[in-house]
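Work through the exercises below with the sequence and the 3D view side by side. Try each task before reading its solution.

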Amino acid sequence: MLSEDEAWEIGLTTTSVRLTQQVKAGGCASKLAPGSLAAVLSRLPKQNDRNLLVGFDTSDDAGIYRIARDLALVQTVDFFTPLVDDPFTFGEIAATNALSDIYAMGGRPLTALSIVCFPQDGDLDVLEQIMRGGLNKMEEAGCIVVGGHSVRDAEIKFGYAVTGLIDPERVFTNTGAIPGDALILTKPIGTGVITTALKRGIAEDSWVSEAVRSMTTLNKTASDTATKTPGVHAMTDVTGFGLMGHGRELALGSGVTIEIEAEKVLGLDGALDAIALGAIPAGLLANREFAECVSGDAEGAQIGDDSRNLLYDPQTAGGLLISLAPEMADSLLQALREAGLRPSRIGTVLGPYAAGQGRPAIVLR
């Protein structure tokens, strides 16, 4: 695996091309609106296969297919447009993001296939740097890139289809949260608004550096730590649908109401500043439309507009949202911090949720 210094020396972290200026939206903010995708998926026929343990019907992070009594495949695919200007860094972020879905289920990534969309007359040195960056992170994860597929496209897009292995009896989904659980988030949020500020030329270098550091930190350590902690009931990663969007899926999938304490949710340095400057990605607005309809404020809650927007910000390579027994929360937080992460305890699972009974799926405090 290349160090940052080695990558710099061979010219992989410098480019005269501003990738963010060549696309309309960057990273997970370029994805389809969650409401639109959900509407289509809900109309598709159900698949009947007793070995399919987790499919797309629960909007989980990855699919799980049993191949033996004690072994299953965990599979995902993720690709998107550039959200930073440096090609090598973009490749690293794309790989980190694609691997995240495997870690969110408690799996171990094994192989990957690259997905490349690139202009016919594009600079092939840029493409090489993107693919080198991705390979760098895949090597860090112990995941082998075995091939891939490319097509001509006016906009650059890059990512991976990743296959991993998982114990069928130790699968962590977004449908297992139970009343009384504590909610822990393993990374600060704000990558969407910061990279939007970068695209508009109004981001401070320090904001971007911290966001890149977060987006290139694998969720491997967080996943390994969580899956070894007793009392973990549910897990998902916070990516394109934002904290509120993925919180919605966790709540509805588990049949519970969750409470999120807005002031406990850590934001990346510069995230609120970017929002104040008007760096609001379209994905954030789509996430609000998707999740706000099932959320409501607790009595007396005072949440500022900028802080509220941050909760809907589409994350790229975001952290894990973990629902676990409250007596184990402090232990997990300490272990994550000792591993060099920035986790926070952001809320609680309140109780059962049923549509039409007056209580929202997400309560903001």
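**Exercise 1. Find the hand of the crossing of H3 and H4, then describe their packing.**

Step 1. H3 crosses H4 in a right-handed sense; a crossing is right-handed if the near helix is turned clockwise from the far one by less than a right angle, and left-handed if anticlockwise.

Step 2. The contact residues on H3 are Pro87, Phe88, Phe90, Gly91, Glu92, Ala95, Thr96, Leu99 and Tyr103. On H4 they are Val126, Gln129, Ile130, Arg132, Gly133, Gly134, Asn136, Lys137, Met138 and Ala141. Contact means heavy atoms within 4.5 Å.

Step 3. Sorted by type, these residues give 10 nonpolar, 6 polar and 3 charged. Here Ala, Val, Leu, Ile, Met, Phe, Trp, Tyr, Cys and Pro count as nonpolar, Asp, Glu, Lys and Arg as charged, and the others, Gly among them, as polar.

Step 4. The axes of H3 (residues 87-104) and H4 come within 6 Å and cross at roughly 40°. Axes are lines fitted to C-alpha atoms, for helices over the stretch in contact, with angles from 0 to 180 degrees between N-to-C directions. H3 is therefore oblique to H4; angles under 35 degrees count as roughly parallel, over 145 as roughly antiparallel, 65 to 115 as roughly perpendicular and the rest as oblique.

A note on the source: this is a predicted model, in which local features need pLDDT of at least 70 and side-chain atom pairs count only at pLDDT 80 or more, while totals for chains, interfaces and linings use all residues. Residues are numbered from 1 along each chain as its sequence is written, and side-chain values use heavy atoms, with hydrogens and water left out.

**Exercise 2. Describe the surroundings of Gly133.**

Step 1. Gly133 is part of H4 (residues 124-141). Helices (H or I, at least four residues) and strands (E, at least two) are DSSP runs, numbered from the N terminus.

Step 2. With a relative accessible area of 0%, Gly133 is buried. Buried means under 20% relative accessible area, exposed over 50%, and partly exposed in between (1.4 Å probe, protein chains only).

Step 3. Apart from neighbours within four places in sequence, Gly133 is in contact with Phe88, Gly91 and Glu92. Its C-alpha atom is 8.1 Å from that of Ala95, although 38 residues separate the two along the chain.

**Exercise 3. Is H5 enclosed or open, and how does it meet H6?**

Step 1. Of the 9 residues of H5, 8 are buried, so this helix is largely enclosed by the rest of the structure. The buried ones are Thr191, Gly192, Val193, Ile194, Thr195, Thr196, Ala197 and Leu198.

Step 2. Their cover includes H6, helix H9 (271-276) and helix H10 (282-291).

Step 3. The axes of H5 (residues 191-199) and H6 (residues 205-215) come within 10 Å and cross at roughly 135°. H5 is therefore oblique to H6, and the crossing is left-handed.

Step 4. Thr191, Ile194, Thr195 and Leu198 of H5 meet Trp207, Val208, Ala211 and Met215 of H6. These contact residues comprise 6 nonpolar, 2 polar and no charged.

Step 5. Why can residues three or four places apart point the same way? An α-helix has 3.6 residues a turn, so such residues do point the same way.

Step 6. After H5 comes Gly201, with a positive phi near 75°.

**Exercise 4. Compare the settings of Gly347 and Ala317.**

Step 1. Gly347 lies in strand E12 (residues 344-352) and counts as buried at 2% relative accessibility.

Step 2. Leaving out residues up to four places away in sequence, Gly347 touches Asp181, Ala182, Leu183, Glu259, Ile260 and Glu261. The C-alpha atoms of Gly347 and Ile260 are separated by 4.4 Å, with their positions 87 residues apart along the chain.

Step 3. Ala317 sits in the loop between helix H11 (305-311) and strand E11 (320-324). Ala317 is buried, with a relative accessible area of 2%. Its phi is positive, about 50°, although Ala317 is not a glycine.

**Exercise 5. Place these details in the whole protein.**

Step 1. The protein has 12 helices and 13 strands.

Step 2. Of its 365 residues, 52% count as buried.

Step 3. Among contacts with a separation of 6 or more, 85% join residues 24 or more positions apart.
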